Amino acid sequence: MKVVLFCGGYGLRMRSGASDDIPKPMAMVGPRPLIWHVMRYYAHFGHTEFILCLGYGAHHIKDFFLNYEETVSNDFVLRGGRTELLSTDIADWTITFAQTGIESPIGERLRRVRHHLDGDEMFLANYADVLTDAPLPRMIDEFAGRDAGASMTVVPPQSSFHCVELGEDGLVGGITAVSELPLWENGGYFVLRQEVFDHIPENGDLVADGCAQLAKRGRLIAHQHRGFWRPTDTVKERAALDHAYARGDRPWAVWERDGAAAGPLSAPGSRNGATAGAR
């Protein structure tokens, strides 16, 4: 299935100053940017056709893939001055780079790449800034077996704050951690059918418009995930993931946990087994 990644926002809370124009999906976690980790997650489950909805800072994302260095995250042999890769990351990936506007809402970005889906009835979508170990094959199978237009992964509230129950005269009746409330947050991992386009107006939003309308019609389902899920909305959250990676605590890296190969081996003597095909 094709994977649509929304990676054109400003990511203001991740920026360190006016001179920092790196889009959020390009923030580093270990030796690779966020978007790479998200793409490796999908590729591990066999979904290697990506459509990148570009906007702000698009040149950073293009440059990363056009000048991709496989040796950063793969073992290799240096023989006679030539690099022989023992494994590759993205050699079997097809990546479509699509400019979808600087100010476009998520729904409009999706509308602008609809023709790249080639009419596929089902496809995947993601914000490209959240890491998880959610069981993607199960999520897809659940959705495929249901009469619905969209599925979103939902997670328990991530806030560390507490809610306070107030009674008369300002007396506190109880204190409950937000994470313990019977609430769920949008986790940012979607399985969609073409039907979603019927409910996204021009310059509309995927969730507030598309998913909300499907929900009203009883055509939106949710996959409840209580496992690992971490957003990267702030510098602190990104740094926490980076530190976790450094100490080997990276449950989102399902390709490491399952011991799967990273992709087809490069031909002997190849300097770079990666291909990023722009259509």
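Colleague: What share of the 279 residues in the protein chain do buried residues make up?

Modeller: Buried residues account for 49% of them. Keep in mind that this is a predicted model. As for the surface, the protein chain exposes about 13300 Å², and carbon and sulfur atoms supply 51% of that.

Colleague: Thanks! How many helices and strands does the protein chain have?

Modeller: There are seven helices and 15 strands. Among contacts with a separation of 6 or more, 77% come from residues 24 or more positions apart.

Colleague: Now the sheet, please. In which order do the seven strands of the open sheet come?

Modeller: Read across it, the order is β7-β4-β1-β8-β13-β10-β14, with mixed pairing. An edge strand pairs on one side only, and here the edges are β7 (94–99) and β14 (220–224). Neighbouring strands in this sheet are turned by 25° against each other on average, direction ignored.

Colleague: In what sense do β4 and β7 pair?

Modeller: Their pairing is parallel, with six bridges between β7 and β4 (residues 49–54). To find your place, start at F50, whose bridge partner in β7 is I95. A general idea helps when you look at side chains: in a regular strand they alternate between the two faces of the sheet.

Colleague: Which strands does helix α4 touch as it packs on the sheet?

Modeller: Helix α4 (residues 136–144) touches β8 (122–126), β10 (150–155), β13 (185–193) and β14, and its direction makes about 55° with that of β13. Helix α5 (residues 206–216) lies across β1 (2–7), β10, β13 and β14, at about 70° to β13.

Colleague: Why are the buried residues of α4 on the same side of the helix?

Modeller: Start with the list: L136, M139, I140 and F143 are the buried ones. They cover an arc of only 95° around the axis, so they fall on the same side of α4. These buried residues pack against α1 (34–44), β8, β10, β13 and β14. Turn to the other side of α4 and you find R138 and D141 exposed.

Colleague: One last feature, the hairpin of β5 and β6. How many residues lie between its strands, and which one takes a positive phi?

Modeller: Two residues lie between the strands, and G80 has the positive phi, near 60°. The strands themselves, β5 (residues 76–79) and β6 (residues 82–85), run antiparallel and are joined by four bridges. For a landmark, look at F76, which stands opposite L85 in β6.

Technical notes:
Residues numbered from 1 in each chain as written. Predicted model: local features only at pLDDT ≥ 70, side-chain atom pairs only at ≥ 80, totals over all residues. Heavy atoms only, no water. Pairing = 2+ DSSP bridges. Axes fitted to C-alpha atoms, helices over the stretch in contact; angles between N-to-C directions. Contact = heavy atoms within 4.5 Å. Buried < 20%, exposed > 50% of the residue type's maximum accessible area, 1.4 Å probe, protein only. Arc of directions from axis to C-beta. Areas by Shrake-Rupley, 256 points an atom, 1.4 Å probe, with all protein chains shown as cover.
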